[in-house]
Amino acid sequence: MNAMNEAISKIGIVPVIKLNNPERDAASLAKALCAGDVPVAEVTFRATGADTAIRLMKEVCPDMIVGAGTVTVKEQIDATIAAGGQFIVTPGFDSELVAYAQEKNIPIYPGCTTPTDYHAALKFGLEVLKFFPAEQSGGLAKIKAMSAPFPQFKVMPTGGVSLKNLADYIASPVIAACGGSYMVTADLIDNQKWAEITKLCQKSRSIVEAARLGTAVKETPTVILSSGAPAVPGQFVEQSTDTAQKL
């Protein structure tokens, strides 16, 4: 994956944000997300002023990855770039928008949920696709099924992702990251509950790291000793210590 895809995948969770009052809330929200170890945001054009929010978030947290969501027209791509935005997310697959974003050299993650969408994405050399709305479109089971004929894609499911099912999604090798709004709900933002947002982000990162660690452990091949018996965890540590004492 390219650098942007790798950076987002490393974080594992992308808050999907609707800001009704960007001048008041954008900077504080950016700080809350970064404090929760989730330095990334998809600011949607479902509310006016998304480009303003992107600019303000980048100003207060310049190392944060901030992009635009619910992008449906070229003008929103231009506004995102002008504001310092770093990626584009569209709800569906629009070949004109994908081509325009690539012309402007900004990463784009189009919404894809069907084989036809995936076929179209192949022509543009995309690596990561948004899968939206995830739960309503078949969830992880469909994502895994789609990966059989299209193994070259990683997926960012959004829509119905929560703390309850985040681990299931992120443990799958098909998943690059998950988009979610549960940590940035209207209630949390409008009532400026920044500490609670930070806690939800920290909890999300803990789930991501635990799920990925669990997957890595399961995939570790069993070591067979010369005697033919499988190695026991901790066995080599004990033997190494014993050897050092004898020396």
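Here follows a short conversation about how some descriptions of this predicted model are reached.

User: Let's start with helices 2 and 3. Why is helix 2 called oblique to helix 3?

Analyst: Happy to start there. The axes of helix 2 and helix 3 cross at roughly 45° and come within 8 Å. Angles under 35 degrees would count as roughly parallel, and 65 to 115 as roughly perpendicular. The crossing falls in neither range, so helix 2 is oblique to helix 3. As for its hand, helix 2 passes helix 3 in a right-handed crossing.

User: Which residues make that contact?

Analyst: Helix 2 brings Pro22, Glu23, Ala26, Ala27, Leu29, Ala30, Lys31 and Leu33, while helix 3 offers Thr52, Ala53, Leu56, Met57 and Val60. By class, these residues divide into 10 nonpolar, one polar and two charged.

User: What makes one of them polar?

Analyst: Thr52 of helix 3 is in the contact. Threonine is on neither the nonpolar nor the charged list, so Thr52 counts as polar.

User: And what else does helix 3 pack against?

Analyst: Helix 3 spans residues 50-60, and its buried residues are Ala50, Thr52, Ala53, Ile54, Leu56, Met57 and Lys58. Besides helix 2 (22-35), these pack against strand 1 (13-17), strand 2 (40-44), strand 3 (65-69) and helix 4 (74-82).

User: Then helix 4. Why is helix 4 called roughly parallel to helix 5?

Analyst: The axes of helix 4 and helix 5 (residues 95-103) come within 10 Å and cross at roughly 25°. The cut-off for roughly parallel is under 35 degrees, so helix 4 and helix 5 earn that description. Their crossing is right-handed. Lys74, Ile77 and Asp78 of helix 4 meet Glu96, Leu97, Tyr100 and Ala101 of helix 5. The residues of this contact divide into four nonpolar, no polar and three charged.

User: How do you know that cysteine 34 is in no disulfide?

Analyst: A disulfide needs two cysteine sulfur atoms within 2.5 Å. For cysteine 34, the nearest cysteine sulfur is that of cysteine 61, 3.8 Å away, so the pair does not qualify. Cysteine 201 is in no disulfide either: the nearest cysteine sulfur, that of cysteine 34, is 9.2 Å away. The count for the model comes to zero disulfides.

User: What makes cysteine 34 partly exposed and cysteine 201 buried?

Analyst: Buried means under 20% relative accessible area, and exposed means over 50%. Cysteine 34 has 28%, between the two cut-offs, so cysteine 34 counts as partly exposed. Cysteine 201 has 1%, under the 20% cut-off, and is therefore buried.

User: Why is tyrosine 118 called buried?

Analyst: Its relative accessible area is 2%, which is under 20%, so tyrosine 118 is buried. Tyrosine 118 sits in helix 6 (residues 115-122). Leaving aside residues up to four places away in sequence, tyrosine 118 touches Cys112, Thr113, Leu129, Phe131, Met146, Phe150, Phe153 and Val155. The C-alpha atoms of tyrosine 118 and phenylalanine 153 are separated by 8.5 Å, with the two residues 35 apart along the chain.

User: Last one: what makes glutamate 209 partly exposed?

Analyst: Its relative accessible area is 43%; that lies between 20% and 50%, so glutamate 209 is partly exposed. Glutamate 209 belongs to helix 10 (residues 194-219). Its C-alpha atom and that of lysine 10 are separated by 9.5 Å, while the two residues are 199 apart along the chain.

Conventions:
Residues are numbered from 1 along each chain as its sequence is written. This is a predicted model: local features need pLDDT of at least 70, side-chain atom pairs count only at pLDDT 80 or more; totals for chains, interfaces and linings use all residues. Side-chain values use heavy atoms; hydrogens and water are left out. Buried means under 20% relative accessible area, exposed over 50%, partly exposed in between (1.4 Å probe, protein chains only). Helices (H or I, at least four residues) and strands (E, at least two) are DSSP runs, numbered from the N terminus. Contact means heavy atoms within 4.5 Å. Axes are lines fitted to C-alpha atoms, for helices over the stretch in contact, and angles run from 0 to 180 degrees between N-to-C directions. Angles under 35 degrees count as roughly parallel, over 145 as roughly antiparallel, 65 to 115 as roughly perpendicular and the rest as oblique. A crossing is left-handed if the near helix is turned anticlockwise from the far one by less than a right angle, and right-handed if clockwise.
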